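Me: I'd like to learn how to read a protein model feature by feature. Could you walk me through this one?

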Amino acid sequence: MISKIVLTGGPCAGKTKVLSKIKRFLMEKGYVVFVVPESATELMAGGITPHKDNVGLYEFQKLILFYQYQKELIYDSAAEQFNHSEVVIIYDRGIMDNKAYIGNDAYDNLVCDLSTKVGFELSEQELCDRYDMVLHLVTSAGTKYFGYDTNTFRYEKEDEALLLDQKTREAWGGHSNLVIIDSTDNFDDKVDNVFNVVLNYLENRKGKKRVRKK
């Protein structure tokens with residue numbers, strides 16, 4: 001069984017730290033774990049940036065969306081090789097995150113562009129439903145932990161981070177299994193909250209699978 005889980009949230013929400021910890025945690029529990037890196041960071045690290053002397057914002061988001069879609073197909077294919085294992089794919093942001101950075105109308109155009117590229121019509125809800133669970137990690141903006149020590153490509157100020165956090169939550173609002181992970185005074189508590197939510201979901205899903213087999 002393959003479980004697909006998105007980690008998203010506003011800037012400086014702790015996704016990078018949570019990802020490394022949760023991968024190790026789940027592997028210790030016997031799961032096969034794949035982690036899909038954040039597409040925007042990969043592109044910017046390769047020199048593709050949303051600036052007037054490189055590519056425009058819309059074109060940048062268009063590249064991210066197509067890259068994310070194709071990358072997810074590759075990870076799906078790899079996960080399907082483990083027919084007798086419990087496989088978890090964790091996404092550092094997913095396809096709906098683009099909407100928070102570009103707005104509703106422009107995102108609709110992006111989906112149309114993606115449909116043209118892949119050769120069949122895609123809907124926004126269909127793209128949202130590609131994942132089994134979405135964890136929104138609330139930004140640490142407004143707390144003493146706010147900072148960008150784990151991602152040199154993040155630059156938003158606190159008020160901008162708070163706004164992006166809200167827009168990101170709204171972008172994923174149509175998902176049936178959206179879980180909000182609030183910021184805490186102790187970051188380890190936030191990590192523990194993620195562990196508990198993910199493990200409970202996976203264990204319950206395994207239980208449901210066993211019931212169906214009887």
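Me: Let me start at the surface. Which residues form a negative surface patch here?

Reply: Happy to help, and please keep in mind that this is a predicted model. Asp and Glu count as negative, and here the patch is made up of Asp185, Asp188, Asp189 and Asp192. One of these, Asp188, sits in helix α8, which covers residues 187–213. Asp188 has a relative accessible area of 45%, so it is partly exposed.

Me: Let me step back to the overall layout. How many helices and strands are there in the protein?

Reply: The protein has 8 helices and 5 strands. If you read along the sequence, they come in the pattern β-α-β-α-α-β-α-α-α-β-α-β-α.

Me: And how much of the protein counts as buried?

Reply: A residue is called buried when its relative accessible area is under 20%. In this protein, 45% of the 214 residues count as buried.

Me: Now to charged pairs. How many salt bridges does the structure hold?

Reply: For a salt bridge, look for a side-chain nitrogen of Lys or Arg within 4 Å of a carboxyl oxygen of Asp or Glu. The structure holds 10 salt bridges. Let's go through some of them.

Me: Which residue forms a salt bridge with Asp76?

Reply: The partner of Asp76 is Lys4, and their closest N and O atoms are 3.1 Å apart. Asp76 belongs to helix α3 and Lys4 to strand β1 (residues 2–9), so this pair ties together parts that lie 72 residues apart in sequence. Helix α3 itself covers residues 57–79. The side chains of Asp76 and Lys4 are also listed as a polar contact of 3.1 Å.

Me: Is Asp76 buried or exposed?

Reply: Asp76 has a relative accessible area of 14%, so it counts as buried. Lys4 is buried as well.

Me: What about Asp92: which residue forms a salt bridge with it?

Reply: That one is Lys15, with the closest N and O atoms 2.8 Å apart. Again the pair links distant parts of the chain, with Asp92 in strand β3 and Lys15 in helix α1 (residues 15–28), 77 residues apart. Both Asp92 and Lys15 are buried.

Me: Which elements does the salt bridge between Asp113 and Lys62 tie together?

Reply: First the distance: the closest N and O atoms of Asp113 and Lys62 are 3.9 Å apart. Asp113 lies in helix α5 (residues 104–118) and Lys62 in helix α3, so the pair ties together parts 51 residues apart in sequence. For exposure, Asp113 is partly exposed at a relative accessible area of 24%, and Lys62 is partly exposed at 26%.

Me: Which residues do salt bridges that share partners join into one network?

Reply: When salt bridges share partners, read them as a group. Here they join Glu38, Arg93 and Asp97 into one network.

Me: Arg93 caught my eye. What is its phi?

Reply: Phi is a backbone angle to look up residue by residue. For Arg93, phi is near 75°, a positive value in a residue other than glycine. Arg93 is found in the loop between β3 (87–92) and α4 (97–102). With a relative accessible area of 6%, Arg93 is buried.

Me: Let me try a polar contact without a charged pair. Which side chain does Ser39 contact?

Reply: A polar contact of 2.4 Å joins the side chains of Ser39 and Gln68. Ser39 is in helix α2, residues 39–45, and it is buried, with a relative accessible area of 3%.

Me: Finally, how do I read separations between parts of the chain? What separates the C-alpha atoms of Tyr91 and Val134?

Reply: Put the spacing along the chain beside the distance in space. Tyr91 and Val134 are 43 residues apart along the chain, and their C-alpha atoms are separated by 9.3 Å. Tyr91 is in strand β3 and is buried, with a relative accessible area of 1%.

Me: And where is Trp172 found?

Reply: Trp172 is in the loop between α7 (158–171) and β5 (178–181). Its relative accessible area is 0%, so Trp172 is buried. The C-alpha atoms of Trp172 and His136 are separated by 8.7 Å, with their positions 36 residues apart along the chain.

Key. Residues numbered from 1 in each chain as written. Predicted model: local features only at pLDDT ≥ 70, side-chain atom pairs only at ≥ 80, totals over all residues. Heavy atoms only, no water. Helix = DSSP H or I, 4+ residues; strand = E, 2+ residues; numbered from the N terminus. Buried < 20%, exposed > 50% of the residue type's maximum accessible area, 1.4 Å probe, protein only. Patch = residues over 30% accessible without salt bridge, like charges linked within 9 Å, V, L, I, M, F, W, Y side chains within 5 Å. Areas by Shrake-Rupley, 256 points an atom, 1.4 Å probe, with all protein chains shown as cover. Charge placed at Lys NZ, Arg CZ, Asp CG, Glu CD. Polar contact = N/O pair within 3.5 Å; in protein donor to acceptor, adjacent residues only side chain to side chain.
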